[in-house]
Amino acid sequence: MSSTFSLPRLKRILLYTSLAASLAPAGNAWADDAKALLKTMSDFLTAQKTISFTYQSSLEAVTPAFEKLQFVSSGTANLTRPDKLRVTRTGGFADLDVSFDGSSLTVHGKNLDAYAKIDGKGSLDELIDRLMTAGVEAPGADLLSTNVYDTLMSDVTEGKHISSAFVDGVECEYLAFRTAEIDWQIWIQSGPQPIPRRYVITSKHVVQAPQYTLEISDFKSGADVAAVSYTIEVPASAKTVDLSELQSLDELPEAADVGEVK
């Protein structure tokens with residue numbers, strides 16, 4: 001094996017990493033810069049009346065044996081402000097099609113051949129509030145609100161503009177924020193289209209600090225968005241259930257489904 005991969009090199013990498021962390025300056029100037037960049041992203045997103053994108057999300061879980069597992073899903077999102085949303089998500093444990101047409105929310109668990117429908121007229125902001133009040137976790141949904149900046153910054157105690165960075169080959173501004181319960185990072189595309197390209201939430205008081213990661217690609221807005229129906233065509237075979245009965249909505253499996261020990 002080449003000596004370039006020996007312990008001295010590892011030490012150098014760790015040293016450089018440590019130096020890079022120590023070089024990240026703190027203070028009002030960085031905090032203000034981070035806030036300004038985030039506000040620019042928020043204003044841009046709010047101004048887009050019709051949006052579509054694809055995404056990949058990953059949710060980490062820590063087993064009682066302190067093994068960290070990562071569950072990955074991907075899907076699509078379409079929204080038309082103020083009150084229409086269509087989201088799909090396919091992972092190892094759920095295959096969902098979710099639609100809100102301004103009057104009712106339909107959740108179709110395709111892998112379960114079952115669906116739930118909840119009536120409730122309102123805006124997307126009101127829908128997100130209702131879901132969160134009902135205990136439905138929707139990480140990343142805050143990026144769809146009409147005031148992303150206030151939503152994200154509500155509990156922030158510290159923010160930094162770390163550096164420029166590249167996500168999927170696209171230049172971004174890398175920002176990091178802290179709250180009492182979580183840390184979160186966001187990579188905002190540089191230039192005239194300041195969209196979020198990557199969003200990471202860290203539960204810092206949970207053992208091994210598991211993270212939720214959302215990566216956005218193929219972002220389109222306005223006339224570039226392909227037409228989409230906000231009404232789900234549920235198969236006749238699908239049974240109607242209460243939303244609470246769609247147990248496989250979560251990205252995480254039941255504890256018994258995490259695989260065999262070999």
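What follows is a walk through the fold of this chain, from the overall numbers down to a few individual residues. The model is a predicted one, and everything below is computed from its atoms.

Starting with the totals, the chain has 262 residues, and 39% of them count as buried. Its accessible surface comes to about 14800 Å², with carbon and sulfur atoms accounting for 55% of that area. As for contacts, take those between residues at least 6 apart in sequence: 51% of them join residues at least 24 apart. The secondary structure adds up to four helices and twelve strands.

Next comes the sheet. Twelve strands make up an open sheet with mixed pairing, and reading across it gives the order S7-S8-S9-S10-S11-S1-S2-S3-S4-S5-S6-S12. At the edges sit strand S7 (158-167) and strand S12 (239-240), each of which pairs on one side only. In general, the strands of a sheet pair through backbone hydrogen bonds, in either a parallel or an antiparallel way. One pairing to look at is that of strand S5 (residues 104-109) with strand S6 (residues 114-119), which is antiparallel and runs over six bridges. Within this part of the sheet, Thr-106 has Lys-117 of S6 standing opposite.

Helix H3 (residues 124-133) lies across S2, strand S3 (84-90), strand S4 (95-100) and S5. Relative to S4, the helix runs at about 130 degrees.

Strand S4 is also home to Asp-95. This residue counts as partly exposed because its relative accessibility is 22%, while buried would mean under 20%. Leaving aside residues up to four places away in sequence, Asp-95 touches Arg-89, Thr-90, His-108, Gly-109, Lys-110 and Asn-111. Leu-112 is 17 residues from Asp-95 in sequence, and the C-alpha to C-alpha distance for this pair is 8.3 Å.

Finally, there is the surface. Phe-66 is found in the loop between strand S1 (50-62) and strand S2 (68-80). With a relative accessible area of 53%, Phe-66 is exposed, since the cut-off for that label is over 50%. Phe-66 also belongs to a nonpolar surface patch, where the other members are Val-206 and Val-207. Together, these three residues offer about 290 Å² of accessible area.

How values were computed. Residues numbered from 1 in each chain as written. Predicted model: local features only at pLDDT ≥ 70, side-chain atom pairs only at ≥ 80, totals over all residues. Heavy atoms only, no water. Patch = residues over 30% accessible without salt bridge, like charges linked within 9 Å, V, L, I, M, F, W, Y side chains within 5 Å. Areas by Shrake-Rupley, 256 points an atom, 1.4 Å probe, with all protein chains shown as cover. Salt bridge = Lys/Arg side-chain N within 4 Å of Asp/Glu carboxyl O. Helix = DSSP H or I, 4+ residues; strand = E, 2+ residues; numbered from the N terminus. Buried < 20%, exposed > 50% of the residue type's maximum accessible area, 1.4 Å probe, protein only. Pairing = 2+ DSSP bridges. Contact = heavy atoms within 4.5 Å. Axes fitted to C-alpha atoms, helices over the stretch in contact; angles between N-to-C directions.
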